[in-house]
2 protein chains.
Amino acid sequence: MNYPVYLEKLINYYKKLPGIGEKSAERLAIATLDFNSDEIEEFSDTLVNAKNKLGRCAICGHITDEEICDICRDETRNKSVICVIEDYKSVFSFEKSGKFNGNYHVLNGLISPMDDIGPEDINLASLIMRVESLDEPELILALKPTIEGEATTLYIKKILENKKATISRLSYGIPIGAEIDYLDNVTLEKALEDRKKIS
Amino acid sequence: MNYPVYLEKLINYYKKLPGIGEKSAERLAIATLDFNSDEIEEFSDTLVNAKNKLGRCAICGHITDEEICDICRDETRNKSVICVIEDYKSVFSFEKSGKFNGNYHVLNGLISPMDDIGPEDINLASLIMRVESLDEPELILALKPTIEGEATTLYIKKILENKKATISRLSYGIPIGAEIDYLDNVTLEKALEDRKKIS
């Protein structure tokens with residue numbers, strides 16, 4: 001297909017986005033041409049601003065356009081409970097569920113010797129400081145159930161051994177709505193291990 | 001959800017695109033933050049350029065970044081055959097099929113008395129001029145099978161009555177891969193009407 005140069009370029013940018021293939025990128029690019037000039041100008045500025053003006057919260061590492069993020073500044077939240085997550089995208093998932101009223105700590109990665117990522121490469125030093133500053137800290141580790149997630153969970157457990165922190169991890173098990181017939185073996189095994197007494 | 005301002009704005013722009021809902025827009029916006037600064041800068045410039053530097057071909061009305069589009073400038077194409085379409089997006093569809101070697105004429109609309117769009121509001125005057133300039137013009141009307149498409153087809157047929165142009169329209173019928181059981185009545189009726197002798 002011979003697209004005009006700028007349309008082709010626009011298609012290529014959309015194609016870099018996750019889940020956007022050739023056909024969708026074309027549709028999005030062509031639809032973008034229907035925006036009016038003001039909208040385009042603003043869309044274009046927003047891209048640059050979103051990249052340049054968003055930084056990391058000095059306390060928890062979540063993305064924010066201020067020094068400290070909304071969540072860390074919110075006095076109504078329980079500062080003693082810290083949910084430890086791999087990246088800031090998970091903050092949005094937790095916040096959307098609306099069921100967590102504590103704070104977060106974004107590691108910005110997981111320990112992975114294969115990829116040469118050690119404990120010093122992720123945001124752990126400040127986690128220890130936060131834990132030490134609290135009277136009765138409770139940590140909830142919400143890391144994915146992979147080798148890297150498990151390694152990081154174990155490491156955090158170990159370095160906090162002598163601090164008086166309560167540490168838990170999210171339960172593994174059957175996702176709500178799933179058909180048990182179609183579950184993979186590992187999930188089923190974990191669901192058995194983590195089974196919950198009901199009477 | 002309390003997103004940082006610029007992330008929220010970016011999500012809102014993605015949401016304006018067709019087929020992008022709340023969840024996809026969030027995913028796209030967050031993925032965009034992972035672009036490096038150069039990519040963001042270029043993406044942003046491309047948006048503005050795509051809007052400002054793309055215009056309409058002076059001959060056929062297709063979008064182009066030059067005075068005359070690639071297709072009209074292509075000397076290997078058959079200039080006597082003109083495929084008449086509603087908007088430039090269809091040019092891309094035909095070009096992708098790779099089966100058409102003529103030229104196009106983009107009407108940029110269809111006659112629609114309901115919406116107060118008359119023959120003078122669409123790109124018809126230049127179509128007549130093109131037809132008159134050719135020795136043996138052949139027109140293929142590729143307009144959608146709606147009231148507006150039919151009205152425009154009939155109007156073009158009428159105004160070219162005294163010119164020596166061959167005029168055809170695309171066939172209506174069963175789309176390839178469709179289950180006949182699930183076809184709507186009108187398509188089935190058209191497929192019967194347009195049936196093709198095979199022996």
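Reader: Let's start in the sheet of chain A: how many bridges join strand 5 to strand 6?

Author: Happy to begin there, with the reminder that this is a predicted model. Strand 5 of chain A covers residues 138-142 and runs parallel to strand 6. Within this pair, Ile140(A) stands opposite Ser168(A) of strand 6. The number of bridges joining the two strands is 4.

Reader: Thanks! Which strands of chain A stand at the edges of that sheet?

Author: The sheet is open and parallel, with 4 strands in the order 4-3-5-6. Each edge strand has a single partner, so one of its sides is left without a neighbour in the sheet. From one strand to the next, the twist averages 25°. The edge positions belong to strand 4 and strand 6 (166-169) of chain A.

Reader: And at about what angle does helix 7 of chain A run to strand 5?

Author: Helix 7 of chain A spans residues 147-159. It lies across strand 3 (81-85), strand 5 and strand 6 of chain A. Its angle to strand 5 is about 165°.

Reader: Now for a single residue: is His105(A) buried or exposed?

Author: His105(A) sits in strand 4 of chain A, residues 103-106. Beyond its neighbours within four places in sequence, His105(A) contacts residues including Ile59(A), Cys60(A), Val84(A) and Arg130(A). Its relative accessibility is 0%, and anything under 20% is classed as buried, so His105(A) counts as buried.

Reader: Which residue offers its backbone oxygen to the side chain of His105(A)?

Author: Good one to look up in the structure! The contact list of His105(A) has Asn123(A), Ser126(A) and Leu127(A) among its members. The side chain of His105(A) reaches a backbone oxygen at 2.8 Å, and that oxygen belongs to Asn123(A).

Reader: Leu127(A) came up there; what separates its C-alpha atom from that of Ile82(A)?

Author: Leu127(A) is in helix 6 of chain A, residues 125-133, and at 1% relative accessibility it counts as buried. Leaving out residues up to four places away in sequence, Leu127(A) touches Ile82(A), Val84(A), His105(A), Leu139(A) and Ile156(A). Leu127(A) and Ile82(A) are 45 residues apart along the chain, and their C-alpha atoms are separated by 9.1 Å.

Reader: Turning to both chains, which residue of chain B comes closest to the rotation axis?

Author: Chain B can be laid on chain A with an RMSD of 0.1 Å, by a turn of 179° and a shift of 0.0 Å along the axis. The two copies are thus related as by a two-fold rotation axis. The same surface serves both copies, with 100% of the contact residues of chain B recurring in chain A. At 2.2 Å (C-alpha), the residue of chain B closest to the axis is Ser44(B).

Reader: How many residues does the largest nonpolar core have?

Author: Those with the most contacts inside this core are Leu7, Tyr14 and Phe43, from both chain A and chain B. Phe43(B), for example, is in contact with Leu10(A), Tyr13(A), Tyr14(A) and Leu47(A), as well as Tyr14(B) and Phe35(B), leaving aside neighbours within four places in sequence. The core has 78 residues.

Reader: Last one: what is phi of Asp116(A) near?

Author: Asp116(A) lies in the loop between strand 4 and helix 6 of chain A, and it is exposed, with a relative accessible area of 68%. Its phi is positive in a residue other than glycine, near 65°.

Terms used: Residues are numbered from 1 along each chain as its sequence is written. Chains are lettered from A and ligands numbered from 1 in the order in which they are written. This is a predicted model: local features need pLDDT of at least 70, side-chain atom pairs count only at pLDDT 80 or more; totals for chains, interfaces and linings use all residues. Side-chain values use heavy atoms; hydrogens and water are left out. Copies are superposed by least squares on the C-alpha atoms of residues with pLDDT of at least 70 in both. Contact means heavy atoms within 4.5 Å. Buried means under 20% relative accessible area, exposed over 50%, partly exposed in between (1.4 Å probe, protein chains only). A polar contact is a pair of N or O atoms within 3.5 Å; within protein, one must be able to donate a hydrogen and the other to accept it, and residues adjacent in sequence count only if both atoms are side-chain atoms. Two strands pair if DSSP finds at least two bridges between them. Axes are lines fitted to C-alpha atoms, for helices over the stretch in contact, and angles run from 0 to 180 degrees between N-to-C directions. A nonpolar core is a set of buried Ala, Val, Leu, Ile, Met, Phe, Trp, Tyr and Cys residues joined through side-chain atoms within 4.5 Å.
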